[in-house]
Amino acid sequence: MTREEVFEKMNEVFRDVFEDDDITVTDETTADDIDDWDSLEHINLINAMETEFGVKFSMGEIVSLKNVGEMADLIISKL
Amino acid sequence: MNEYRFEDIVSKEESKDNYTKAEFSSTVTADKMEKFYEICGDNNPLHMDSSFAKAEGFNDRVVYGMLTASFYSTLAGVYLPGKYCILNSVESSFRSPVYIGDTLVVSGFVKVKHEATKTIEISAQIVNQDGKKVGKAKILAGFLE
């Protein structure tokens with residue numbers, strides 16, 4: 001799966017979790033850029049990414065993520 | 001009351017034979033209907049008026065779907081995981097009407113365990129005394145320290 005394809009699927013997950021079809025994330029997107037991205041939605045987002053990509057994260061891996069680009073890299077490293 | 005910690009939980013994804021599950025039963029009474037009305041004020045005639053409900057094709061007045069769904073709170077908070085539960089979300093759907101006097105079996109199992117977020121996804125269902133599934137839900141629960 002290419003990085004572009006990963007982002008395409010990640011966008012679908014973001015749109016589904018935040019119920020907003022207008023969301024398009026980039027490498028630099030952070031929680032500050034999406035209004036409803038609070039701690040509960042973060043849990044939903046991480047869980048949904050695990051399900052969508054069929055991967056498992058550790059707590060250590062997700063607390064150090066700084067932006068969506070790093071999330072994409074983490075996912076790619078597990079595919 | 002069960003006292004499962006996150007570490008104690010086994011998901012069906014991890015073990016198809018030995019996953020964590022729970023079940024209890026409860027009978028819906030007219031008193032419970034009255035109390036639910038007192039709490040939320042839903043006086044829709046489908047729940048309050050037997051003749052109205054019968055005229056609409058139901059056997060009798062219909063138990064509030066949200067009263068039935070309230071058993072998911074018990075499932076998570078008392079049984080699975082129990083004492084250390086923090087309920088994140090419940091996605092509930094109603095399949096068939098529930099009537100006063102029905103005895104409901106509420107059950108759930110851990111479908112997925114998310115290590116990174118320390119949450120569990122519980123697949124739950126409610127079945128009446130005739131074995132008919134009246135509702136199902138996807139529950140997301142976290143854990144208190």
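## Chain A at a glance

In chain A, 56% of the contacts with a separation of 6 or more come from residues 24 or more positions apart. That is a good place to begin with this predicted model, as it tells us how chain A is folded back on itself along the sequence. The chain has four helices and zero strands, so that, read from the N terminus, its elements follow the order α-α-α-α. The radius of gyration is 11 Å, close to the 12 Å that the globule rule gives for 79 residues, so chain A is as compact as a globular protein of that length.Its C-alpha trace spans about 30 × 25 × 20 Å along the principal axes of chain A. Of the 79 residues in this chain, 19% count as buried.

## The opening helix of chain A

Helix α1 of chain A covers residues 3-17. How far apart should its ends be at 1.5 Å a residue? The expected span for these 15 residues is 21 Å, and the end C-alpha atoms are 21 Å apart, which agrees.

This helix has a buried side and an exposed one. A:Met10, A:Val13, A:Phe14 and A:Val17 are buried in α1(A). They cover an arc of only 100° around the axis, so they sit on the same side of α1(A). An α-helix has 3.6 residues a turn, so residues three or four places apart point the same way. The buried residues of α1(A) pack against two other helices of chain A, α2 (39-53) and α4 (68-78). On the face turned away from the buried side, you will find the exposed residues A:Glu4, A:Glu5 and A:Glu8.

## A residue to look for after α1

Just after α1(A) comes A:Glu19, placed in the loop between α1 and α2 of chain A. Its phi is near 50°, a positive value in a residue other than glycine. Is A:Glu19 buried or exposed? It counts as exposed, because it has 8 C-beta neighbours inside 10 Å, and the cut-off for exposed is 12 or fewer.

## Meeting chain B

Chain B brings strands into the picture, with five helices and five strands. From the N terminus on, its elements run β-α-α-α-α-α-β-β-β-β. Along its principal axes, the C-alpha trace of chain B spans about 50 × 30 × 20 Å. Of its 145 residues, 28% count as buried. Among contacts in chain B between residues at least 6 apart in sequence, 66% join residues at least 24 apart.

An unreviewed UniProt entry lists residues 21-123 of chain B as "domain: MaoC-like". Over that stretch, chain B is 34% helix and 33% strand, and the end C-alpha atoms are 9 Å apart.

## Two loops in chain B

Two loops of chain B are worth a visit. In the loop between α5 (71-79) and β2 (85-94) lies B:Pro81. The peptide bond leading to it from B:Leu80 is cis, with omega near 10°.

The other loop joins β3 (103-114) and β4 (119-127) of chain B, and B:Lys118 lies there. B:Lys118 is not a glycine, yet it has a positive phi of about 50°. With 17 C-beta neighbours inside 10 Å, B:Lys118 counts as partly exposed.

## Where the chains touch

How many residues does each chain bring to the contact? Chain B provides six residues and chain A provides eleven. On the side of chain B that touches chain A, the residues divide into one nonpolar, four polar and one charged.

Notes. Residues are numbered from 1 along each chain as its sequence is written. Chains are lettered from A and ligands numbered from 1 in the order in which they are written. This is a predicted model: local features need pLDDT of at least 70, side-chain atom pairs count only at pLDDT 80 or more; totals for chains, interfaces and linings use all residues. The radius of gyration is taken over C-alpha atoms; the globule rule is 2.2 Å times the number of residues to the power 0.38. A residue is buried if 20 or more other C-beta atoms lie within 10 Å of its own, exposed if 12 or fewer, and partly exposed in between; C-beta atoms are placed from the backbone. Two residues are in contact if their C-beta atoms, placed from the backbone, lie within 7 Å. The expected span of a helix is 1.5 Å times one less than its number of residues. The arc is that of the directions from the helix axis to the C-beta atoms. UniProt positions are given in the numbering used here, feature names are shortened, and annotations may be inferred rather than shown by experiment. Ala, Val, Leu, Ile, Met, Phe, Trp, Tyr, Cys and Pro count as nonpolar, Asp, Glu, Lys and Arg as charged, and the others, Gly among them, as polar.
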